[in-house]
Amino acid sequence: MAYRCFSSVSLVSIRRLSATNSSMAMAAVFHRISKGQNCTSLCTITNRRFNSISCPINTKPFKNPIQVRSLAALSEAAAGFDEMVSSTQRKYYMLGGKGGVGKTSCAASLAVKFANHGHPTIVVSTDPAHSLSDSFAQDLSGGTLVPVEGLDSPLFALEINPEISREEFRTASQKSGGSGVKDFMDSMGLGMLADQLGELKLGELLDTPPPGMDEAIAISKVMQFVESPEYSMFTRIVFDTAPTGHTLRLLSLPDFLDASIGKMMKLKKKLASATSAIKSVFGKEETRQDASDKLEQLRERMAKVRDLFHNSNTTEFVIVTIPTVMAVSESTRLLASLKKEHVPVQRLVVNQVLPPSASECKFCEMKRKDQMRGLNMIQNDPELSRLRLIQAPLVDVEIRGVPALKFMGDMVWR
Ligand SMILES: Nc1ncnc2c1ncn2[C@@H]1O[C@H](COP(=O)(O)OP(=O)(O)OP(=O)(O)O)[C@@H](O)[C@H]1O
């Protein structure tokens, strides 16, 4: 049986073209793709056989031309990248959505595009299960800013190590009034104050942190970087966030942590007189002061994170989804929660949409129908349909490495 790839877009060919730096040829390929020509014409341009997704040849035309039109109409919606790139003021973009829909690919491709448009950019992963390194096909781990190779403009990546950040927080809290101080106060016969500490349930908080706490700490860590004068040159910060559940909890966490840390600080002041007698004996005042400063800094940063989430002049949350009923339903819930938290949202990326094709096999036909259901849900949802819809086609190989991300960025962020 003869086989032909069903996807109109081939990264295999694009990689080859980008390796020869033939952006004109890439533009020609993409032009043909966007005109809905099938893979045969793309193969002709690139003179390359596809070897990824394939299905039996079936030259049947579409049964339902409305479906094609509807997909095409969606693809005409542009991201409004000009607006995203225009200001030289620092902007934060947070990309989030259901697991596996393409958040990292979209975030990384946006960061590459910003960098290529003259914005020194940082792309940050706050997902404890990082995939930035995989997406860029480079080792970006280590919890510090790492330059991304393969671009002419400055792009740095940061994968926050939640374990290390949590440990820092735990140490600071324990030194400044957490369970370490509780034991200490107990041993000094100050049981009443120790009970007050117990009420804060700090031990519990630190030993079994609520989901999302890693993220909140991660973001506060990012603030540490972005506030530092050394990094003031960066004008675009793109966050690749964890799947929806984490993100939602994260949004309410700055308030929660601010309150918890606030309680700790208050208590710290109450304890000041009691500890002043002790400190001379133990000579640990300096350490406690350091820890206390650290906690105060964390609190200030949390307040900044909270403000940042809500400032539509500087921040935008971009929802990423795929055209399936499950993913769209989750996007609806995410948007509702973001609205409730007053987080600015303007754009919805619908990723992995089957590109138009002149011929159709049974599998593609079924898949396209299925995707139409998801797309219709978006169009009929009063809230989601108000967003700027951006379509990203399904490509036939994994999106990995800078050339592939550049290609994706040019498709999505237009
Ligand atoms: N438009 C696309 N066409 C083809 N493959 C894609 C597309 N977008 C993403 N992918 C692939 O899907 C997989 C998941 O993508 P990605 O890691 O970006 O998703 P994610 O939402 O960040 O996942 P997670 O929730 O696990 O962090 C990757 O292998 C990626 O290359």
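Helix α6 (103–116) and strand β9 each supply at least two residues of the shell around the ligand, where helices (H or I, at least four residues) and strands (E, at least two) are DSSP runs numbered from the N terminus. The largest share of that shell, three residues, comes from α6. Of the 17 residues around the ligand, G99, G102, K103, T104 and S105 come nearest; a residue is near a molecule or strand if its C-beta atom, placed from the backbone, lies within 6 Å of it. By character the shell divides into six nonpolar, eight polar and three charged residues, with Ala, Val, Leu, Ile, Met, Phe, Trp, Tyr, Cys and Pro counted as nonpolar, Asp, Glu, Lys and Arg as charged, and the others, Gly among them, as polar.

The model is predicted, so local features need pLDDT of at least 70 and side-chain atom pairs count only at pLDDT 80 or more, while totals for chains, interfaces and linings use all residues. Residues are numbered from 1 along each chain as its sequence is written.

Strand β9 also belongs to an open sheet of eight strands, in the order β5-β6-β4-β7-β3-β8-β9-β10, with mixed pairing. β5 (146–147) and β10 stand at the edges, each with a single partner strand, so one side of each is left without a neighbour in the sheet. Two strands pair here if DSSP finds at least two bridges between them. Strand β4 (residues 121–125) and strand β7 (residues 236–240) pair in the parallel sense over five bridges, and the bridge partner of I122 is I237 in β7.

At the β10 edge, strand β9 (residues 345–353) runs parallel to β10 and is joined to it by five bridges, with R347 standing opposite R388 of β10. Strand β10 (residues 388–393) is mostly covered, five of its six residues being buried; a residue is buried if 20 or more other C-beta atoms lie within 10 Å of its own, exposed if 12 or fewer, and partly exposed in between, with C-beta atoms placed from the backbone.

β9, helix α16 (residues 362–380) and β10 make a right-handed β-α-β unit, that is, with the strands pointing away from the viewer, the path from the first strand over the helix to the second runs clockwise. In α16, the buried residues are R368, Q371, G374, L375 and I378. Seen down the axis of α16, its buried residues fall within an arc of 120°, so they line one face of the helix; the arc is that of the directions from the helix axis to the C-beta atoms. The face of α16 turned away from that buried side carries the exposed residues K362, M366, K369, R373 and N380. Helix α17 (residues 402–412), by comparison, is mostly covered, with ten of its eleven residues buried, and these include P403, K406 and F407.

A few single residues complete the picture. F317 has its place in strand β8 (residues 315–321) and counts as buried because it has 24 C-beta neighbours inside 10 Å. The C-alpha atoms of F317 and P344 are separated by 6.1 Å, although these residues are 27 apart along the chain.

Most residues other than glycine have a negative phi. Q352, which is not a glycine, nevertheless has a positive phi of about 60°; Q352 lies in strand β9 and counts as buried, with 21 C-beta neighbours inside 10 Å. A137, also a residue other than glycine, has a positive phi near 55°. A137 sits in the loop between α7 (132–136) and β5, and counts as partly exposed because it has 16 C-beta neighbours inside 10 Å.
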